[in-house]
Amino acid sequence: MITFRPLAGAVGAQSPVPLAYLLQVDDIRVLLDCGSPDWSPEHPSQYADAYCDALRHCAPTVDLVLISHGDLAHAGLYAYACARWGLTAPAYTTIPVQAMARIVTLEDIEGTRDEQDVLDEDLPPDSDPRASNPLNSAPPKYVATVNQVHEAYDAVNTLRYSQPTHLQGKCQGITITPFSAGHTLGGTIWKIRSPSAGTIVYAVNMNHMRERHLDGTVLFRPSAGGIFEPLARPDLFITDADRANVITSRRKDRDAAMIDAIGATLSSRCSLLLPCDAGPRLLELLVLLDQHWKFADFRYPICLLSRNGREMLTFVRSMMEWVGGTVSKEDVGVDGSGKTGSKRRRADDEAEDEALGAFALRFKYLEFFLNPQALSRHPFRMGLLGLYSLTLPRFPDNVVLLTSRGEEGTLTRILFDRWNNSQRGDDTWDKGKIGSNVMLDGSLHLRMNSKVPLQGTELELYLAKERAIKEKEAAQQAAIVRNQRMLEADEDDSDEESDSEEEDEVERALNEDQMDTADGESAVLASARRRKAEKLEDNDWGLDMDDGLTKTLLSFDIYLKGNVSKATSFFKSTEKKRKVDEYGETVDVGMWLRRGKVFEQEAESDEIKEARWRQAEEESKTAVQEPPSKFVSSEIEIQLACRLLFIDMEGLNDGRAVKTIVPQVNPRKMILVHASMDAARTLIESCGQIRAMTKDIYAPGTGESIQIGQQTNSFSISLSDELLHTLKMSRFEDNEVGYVTGRVVNHFSSTIPILEPSGVSVPADAHVRNDVPRNRVLGSRLARPLPHSTMIGELKLTALKARLTAIGIPAELIGEGVLICGAGARRDQPGDNIEDTVAVRKTGRGKVELEGNVSSVYYTVRKEIYGLHALVAA
């Protein structure tokens, strides 16, 4: 049985992103994607809160995680869920998605933590930040740390396209295979195969069109015959319908509109802003801009404001086998002029050249800026408030060019809605045309979060608090070091005592015959030794203790005969015993390491010590120390005085592609996600007009669970050797199928039942179940159904037509689900020649009708139909 529940990104949701779905196959729970919402929307809502609560609740019970794309909408919250919510299940994705998701998540959390105070680093795992600060009415922000992001994505298992992986453990029996989805570098369509639930295909955010840096999805290849065979006819198809009612303009028109807008803006000595993130879609924009800059011979730089943009490009150059489109592996090492890269190296790119010298991705016109202050003197916020830098000079020819619609409630979506509402009816973004730019006027009220240095009294209080903390830490560290030295000194004293005791035993053994002559002297020596030992023990236990630390560290194994819990007047002294285990005396490894370090430092020369001290001093000088600061939030009013234009560069299928691909996939059941109600209704109506298309189409809402199929119980049975020798197996796809009949026997020596042929004699130690029916007439035989052969498989008329054409029998498809074979399929033959004509018709699920006269054509067609199935003989 299959259970599906959208945690976010459902049909009709308040926001179509993020994407996160819980798929349960029998008792295995699979998390499909784990995206994050925007933590700083202009209009906060409770939708993100509800999604995070649902994910926190189900994260510990997840058995498998599959990530399809490396952007925030699909993988932004995965690191936090691993670190805080107990998401310890194994995760799988492709190599580029792992790296891109890491880079995008780092970019997001660093930007968020530089603008807002996230007070969850000291909280225990699986805790709610709202409980720690109940007076704060702002919604919580679940933002991971840098170390948590690296730890989470280092543990992700990476796969290559078309690489089947058989899972182990609780997920044993499940096979997952990634396929190319387009849209992003490494974007994945997941094929999940279960022995009880069949084949499940999860395909969201696909693009069948070839782009500059990517090839289209393998799901639909018109040049290769349509739908990719391993993904055709799944038992369950999970896909998105966000653009089912959208018509996208041609790529040629979109590229021309963007280039014209850029050229007109730069020729007028103005600036142009493209709001985007350092995600996978940034690469397509950079390739387009770099090609246009080279063609137009612009002298203006392309400025990229990103903390991790350079790292992202370095990684892409090292993964050229994943790159397609016009940028391919043939571009490695040679630029457009045919020159090698040894003469074109730039000083700031020497480290990047070590990864891979792909000159198609060098972007020599691109300059990197870590923050807006490096690009402009105005202290505006990076990203959303980048518009402030363009509107400040009040130049009406400055342009803000949007390439995506953005998430609900964000500044990008606010600007997009303004642009879309200003277009005429036929020029909106979903009508297949490129709109015109509009003039933004008026004002816009926004909330600006920033980090400002402390000054005056606040700075003095902060420094005083820091000094007190450092003094306390130094005192505690000194106490720990002093107590450790005391322990080591006590260890040395114990060694001396044990050595002296051994010497005394040897001396007594050698002088047994002289005991009566040396009684007085031995008594005096023994008395003196006891007094010395007591004095040493009193000194050990009488040392000055610091805050109870010495009492905690000075612990020994004490041996006292009898049940004595504390020292009494009879047992004033305690015997110190060394800790031992089955291998002998335990060794304090830490003490020996510390002593070894001390010995190494003492053996070093003065020059080495001086060089190390100088290096440490230089590192302390070069280390960037952030001044004490605080987070402030303020409402600002921006006077809009620039032009706004939207060009769709998201790289997704439009409604025409979706309505063409989904019917050709022809799933048995389908679930729609990530769509509005109108878009889902449009796709369902389009599929309803196709007779062969399934009518089992579901569109669950957020938190709504749907169940598909029934609960299946699987049992294990062992086949005997005699039965295996009599089986006739037929191959079907990746399996071998055969028909078997016999009796089940339970042996005392085996816990698994054994299936044996009916004619085999039953051993004496076996218990065979023999049920005698009631009201049986004496001497009558039991009524048994006759065995019959079974044909496994699904007949495809296109495949049958190809096989018949190969053996010289003409065939032609007429209507829907009817194939005419023989002389009737030839258009040049007269219509009365119907004797050698056979019609093959698919009347329903699993039913095929073969109609025609008895002739050689009839038997040949029937033989080919049998050849397309796996025949299981009775």
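**Exercise 1. The chain as a whole**

Among contacts in the chain between residues at least 6 apart in sequence, what percentage join residues at least 24 apart?

*Solution.* Before starting, note that this is a predicted model, where local features need pLDDT of at least 70, side-chain atom pairs count only at pLDDT 80 or more, and totals for chains, interfaces and linings use all residues. Residues are numbered from 1 along each chain as its sequence is written, and side-chain values use heavy atoms, with hydrogens and water left out.

Step 1. Take a contact to be heavy atoms within 4.5 Å. Among contacts between residues at least 6 apart in sequence, 71% join residues at least 24 apart.

Step 2. Add the secondary structure, where helices (H or I, at least four residues) and strands (E, at least two) are DSSP runs, numbered from the N terminus. The chain has 23 helices and 40 strands.

Step 3. Turn to burial: buried means under 20% relative accessible area, exposed over 50%, and partly exposed in between (1.4 Å probe, protein chains only). Of the 874 residues, 40% count as buried.

**Exercise 2. The two sides of a helix**

Find which residues of α6 are buried, and which exposed residues sit on the face turned away from them.

*Solution.* Step 1. Helix α6 spans residues 146-154, and its buried residues are Gln148, Val149, Ala152 and Tyr153. They cover an arc of only 115° around the axis, so they lie on the same side of α6; the arc is that of the directions from the helix axis to the C-beta atoms.

Step 2. Recall the helix geometry. An α-helix has 3.6 residues a turn, so residues three or four places apart point the same way.

Step 3. Look at the face turned away from the buried side: Asn147, Glu151 and Asp154 are the exposed residues there.

Step 4. Ask what the buried residues of α6 pack against: the partners are α2 (72-75), α3 (78-84) and α4 (95-115).

**Exercise 3. Aromatic pairs**

Work out how Tyr80 and Trp85 are arranged, then do the same for Phe179 and Phe228.

*Solution.* Step 1. Set the rule: rings of Phe, Tyr and Trp (its six-membered ring) pair if their centres lie within 6.5 Å; planes under 30 degrees apart count as stacked, over 60 as edge-to-face and the rest as tilted. The count comes to 17 aromatic pairs.

Step 2. Tyr80 and Trp85 are 5.2 Å centre to centre with 80° between the planes, an edge-to-face pair. Tyr80 is buried at 3% relative accessible area, and Trp85 is buried at 1%.

Step 3. For Phe179 and Phe228, the centres are 5.7 Å apart and the planes at 70°, so this pair is edge-to-face. Phe179 lies in strand β8 (residues 175-180) and Phe228 in the loop between β12 (226-227) and β13 (236-240), so the pair ties together parts that are 49 residues apart in sequence.

Step 4. Compare burial: Phe179 is buried at 6%, whereas Phe228 is partly exposed at 31%.

**Exercise 4. A proline with an unusual bond**

Which peptide bond involving Pro18 is cis, and what surrounds this residue?

*Solution.* Step 1. Start with the background. Most peptide bonds are trans.

Step 2. The bond joining Val17 and Pro18 is cis, with omega about 5°.

Step 3. Pro18 sits in the loop between β1 (2-8) and β2 (20-25) and is buried, with a relative accessible area of 1%.

Step 4. Not counting residues up to four places away in sequence, Pro18 touches several residues, including Tyr47, Tyr51 and Ala73.
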